[in-house]
Amino acid sequence: MSHYVADTTLAQGYCDEHDPTGAVVPPIHLATTFLRPPEGYSPTGWSYSRYGYPGLEMPEATLKVLEGAADCRLFSSGMSAMTAVVMALQPGDHCVFPIDMYHGLRTWLKGFSTHWGIRFDHVDMTDLDKVRQAVIPGVTRLVWAETPSNPHWQIYDLAALAEIAHKAGARLVVDNTVATPILARPLAFGADIVVHSATKYLNGHSDVLAGAALTATVDDFWGRVLFNRDYHGGILGQFQAALLMRGMRTLHLRVARACESAMALAEALKDHPSVNAVFYPGLPTHPGHALATRQMAGGFGGMLSIIVAGGAEEAERIMTRTKIWKPATSLGGVESLIERREAVEGPNSHVDPGLLRLSAGVEATRDLIDDLFAALDAKNGN
Ligand code: PLP
């Protein structure tokens, strides 16, 4: 899809010209149940809101177009969407996950796999040979990639991973939360399923918890994902769906500004004497830069991380000194956030104690750089 089409689709937000009220944004229908004839289902197709309701279709259809998918379903959170996909597996199935990935899913996997009988390995997904060695033909059913990945923003080769997965009889699932369909469309590289924490860029205002799953093919596996949403009650709520649609209408603008600021920050931070490392795929020194240039279009994302000299203590001091960067977890909102990742991930974290994860919002780029540099340069006690 060209950027023109994506931008226009989002801005128009599928405004319904045939709405008799003439409203340019859709109403929120709060009904949990819908009239139906005694002998069966309602002619509208809606029966009970755990399975769907008017107001959900618009954001689902918009995201489906953006990702180039055959189907899309919205969930009550990113975790709800992602666990619905993993729980579509059968006991005994094996999966391959990256080492660098969202820690919440990693924690759930550890707990879930033991009593569900799912086996999995974490591998360095930048090394395709390691992935080839990890897959077990006929037993591995999922290869899971998140790229750029949390919190080192590694780039995984989606076309190569799709080939490895398919050869072994597995599906490639991609967490596209950080790239968003504005920068990358994994299904076009051969992925089978895309998942999102729509809490992040898709909504973009830090006021909705939401998730999405999309598929390239409507098949039995997808049927099990849908079953999980319907019967675990994982559907997105009516208010949240309306807010998500509102947020998505400016996705392209917010992502463009976040990319611009993250790139400028990475460039400025790489030469700072108190910064030991900068992780950002837009920097030519990033090991995944060439791949990101091929796999992403329009930017390298709004997320970057730095390791500061002085470890956890200095990192925490920096967080107390910033005025524009707000100390909070999460990402992809209009406001810029800073977090010491190890503290957020907890005792099992593999992240350097001095790593600060930065989510660039839509504030003026110059202000973001000045605020962070003032915090880095301030003497202790200031
Ligand atoms: N995937 C990524 C990359 C995330 O950053 C997050 C949340 O931080 C999730 C998944 C989980 O999404 P949610 O918090 O909406 O359940």
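Reader: Before I zoom in, how many helices and strands does the protein have?

Author: Start by counting the elements: there are 14 helices and twelve strands in the protein. Keep in mind that this is a predicted model.

Reader: And how do I read the radius of gyration of the protein?

Author: Set it beside what the globule rule gives for the chain length. Here the radius of gyration is 21 Å, close to the 21 Å that the rule gives for 382 residues, so the protein is as compact as a globular protein of that length. For the outline, picture the C-alpha atoms filling a box of roughly 75 × 55 × 35 Å along the principal axes.

Reader: OK, now the ligand. Which pocket does the ligand take up?

Author: The ligand's space is the largest pocket.

Reader: Which residues around the ligand come nearest?

Author: Look at the shell, meaning residues with a heavy atom within 4 Å. The ligand has 14 residues around it, and Met 79, Asp 175, Ser 197, Thr 199 and Lys 200 come nearest. Sorted by class, that shell holds five nonpolar, six polar and three charged residues. Helix 3, residues 78-86, gives the largest share of the shell, with three residues.

Reader: Which side chains put an N or O atom by a ligand oxygen?

Author: For polar contacts, check N and O pairs within 3.5 Å. Thr 199 has a side-chain N or O atom 2.6 Å from a ligand oxygen, and for the side chain of Lys 200 the distance is 2.9 Å. Gly 78 joins in through its backbone, with an N or O atom 2.9 Å from an oxygen of the ligand.

Reader: How much of the ligand does the protein bury?

Author: Compare the ligand alone with the ligand in place. Alone, the ligand exposes 390 Å², and the protein buries 91% of that.

Note on methods: Residues numbered from 1 in each chain as written. Predicted model: local features only at pLDDT ≥ 70, side-chain atom pairs only at ≥ 80, totals over all residues. Heavy atoms only, no water. Polar contact = N/O pair within 3.5 Å; in protein donor to acceptor, adjacent residues only side chain to side chain. Areas by Shrake-Rupley, 256 points an atom, 1.4 Å probe, with all protein chains shown as cover. 1 Å grid on protein atoms, 1.4 Å probe; cavity = no way out; pocket = protein on both sides within 12 Å on 5 of 7 lines; lining within 4 Å. Sits in = over half its atoms within 2 Å of the grid points. Helix = DSSP H or I, 4+ residues; strand = E, 2+ residues; numbered from the N terminus. Nonpolar A, V, L, I, M, F, W, Y, C, P; charged D, E, K, R; others polar. Rg over C-alpha atoms; globule rule 2.2 N^0.38 Å.
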